[in-house]
Structures are given as structure tokens and as C-alpha cells.
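Let's take a relaxed tour of a protein and see how its charged side chains pair up. Have a look at the structure first, then read on.

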Amino acid sequence: MAHALTEARSAALRGEVPVGAIVVKDGRIIAAAGNRVEELADPTAHAEMLALRAAAAQLGQTRLEGCDLYVTLEPCPMCAAAISLARIRRLFFAAYDPKGGGVEHGAKVYDHATCHHRPEVVGGLGESAAADVLKAFFRERR
């Protein structure tokens, strides 16, 4: 999660909402990304989406079986669905997102019968550090 937090801090320096994500396979980071929504003018350029794309390119396959995703904020419904489609084995996230989350809050994507793959989910891993980064970012914006 420490590496995902580094990605989040880098995103904040670029003026992006500070969310970072890494994909790990066999104990090795194979992809890392931070939000680039504003930079790329792309509403889908969330850290998770970018990390999943990079991991798929690295492995040369669309299914990331045996891979784990670490992200600093509970994924939104779009990212949660992409995580399922990618067949991520385990999802670890730091801060909970009661307003925009799609895993433990809101849409609860993995709870639907139409969800074909539900990763093992661990929330709250390094929650306070990730929440501090987010709070500092938004405090500076207000």
C-alpha cells in the first residue's frame, strides 16, 4: 500500500485527486498508476483503470488471474466492475468512500447476481494515511 500512496501523492502534485493503485503478481509490482483524469481529459483515467490496463499490457492478457490490486481509495462502481472483468484475485483498499465507492458502499458491485467474479476484498488497509492525503488535497482546494 505504501507504493500506492506514493502514486497518490504524485497524482496530487499533478493537481489530480490523490488516488494511487498498484497491481502485484507473485510478490512483484507489475503496474502502478495514479489518477490522470484532468491531465488526459479522460473521465475513465482513474488510478485503478490505468493500473489494470498497464498490467494487462505487461502480461499480454486481459485476465489478470493471480494478481492483486492495492488502491488508496475504495473503487467507484466503474473501477469495481473493471476489477471484476479483469479477474483480480484480491482487492485491497485503504480509505472507504461512502459517497462514491462501489464496493462496500453505493452500488456494491460484487453483491449483484450478475457479477461473474468477486475478488477477495480487504478494506481499511492503511486507511488513516490515505485519508490524510485526500483530506489535505481537498483542504488546499477550498
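Before we start, one cut-off: a residue is buried when its relative accessible area is under 20%, exposed when it is over 50%, and partly exposed in between. By that yardstick arginine 90, at 25% relative accessibility, counts as partly exposed. Keep in mind that what you're looking at is a predicted model.

**The overall picture**

The protein has five helices and five strands. Follow the chain along the sequence and the pattern reads α-β-β-α-α-β-α-β-β-α. The C-alpha trace spans about 40 × 30 × 30 Å along its principal axes. How does the radius of gyration fit with a compact globule? For 142 residues such a globule would have a value near 14 Å, and the protein has 14 Å, so the two agree.

Of the 142 residues, 47% count as buried. Among contacts with a separation of 6 or more, 56% are between residues 24 or more positions apart. On the outside, the protein exposes about 7,100 Å², with carbon and sulfur atoms supplying 52% of that.

**Charges and salt bridges**

Now for the charges. There are 17 positive and 17 negative ones, and their mean positions are 1 Å apart. Side chains of opposite charge can pair when their charged atoms come close. How many salt bridges does that give here? The count comes to four, and the table shows some of them.

| Pair | Closest N and O atoms |
|---|---|
| Arginine 36 and glutamate 39 | 2.4 Å |
| Aspartate 68 and arginine 89 | 3.0 Å |
| Aspartate 68 and arginine 90 | 2.8 Å |

Let's zoom in on aspartate 68, which forms a salt bridge with arginine 89. Aspartate 68 sits in strand 3 (residues 67-73), while arginine 89 is in the loop between helix 4 (77-85) and strand 4 (90-95), so the pair ties together parts that are 21 residues apart in sequence. Aspartate 68 also forms a salt bridge with arginine 90. That pair links distant parts of the chain as well, with aspartate 68 in strand 3 and arginine 90 in strand 4, 22 residues apart.

Is aspartate 68 buried or exposed? At 4% relative accessibility, aspartate 68 counts as buried. Arginine 89, at 37%, counts as partly exposed.

Elsewhere, Arg14, Arg36 and Glu39 are linked in a network of salt bridges. Two members of this network are partly exposed: arginine 36 at 27% relative accessibility and glutamate 39 at 46%.

Terms used. Residues are numbered from 1 along each chain as its sequence is written. This is a predicted model: local features need pLDDT of at least 70, side-chain atom pairs count only at pLDDT 80 or more; totals for chains, interfaces and linings use all residues. Side-chain values use heavy atoms; hydrogens and water are left out. A salt bridge is a side-chain nitrogen of Lys or Arg within 4 Å of a carboxyl oxygen of Asp or Glu. Buried means under 20% relative accessible area, exposed over 50%, partly exposed in between (1.4 Å probe, protein chains only). Helices (H or I, at least four residues) and strands (E, at least two) are DSSP runs, numbered from the N terminus. The radius of gyration is taken over C-alpha atoms; the globule rule is 2.2 Å times the number of residues to the power 0.38. Contact means heavy atoms within 4.5 Å. Accessible areas come from the Shrake-Rupley method with a 1.4 Å probe; for residues, only the protein chains shown count as cover. Lys and Arg count as positive and Asp and Glu as negative; His and the chain ends are not counted. The place of a charge is taken as NZ of Lys, CZ of Arg, CG of Asp or CD of Glu.
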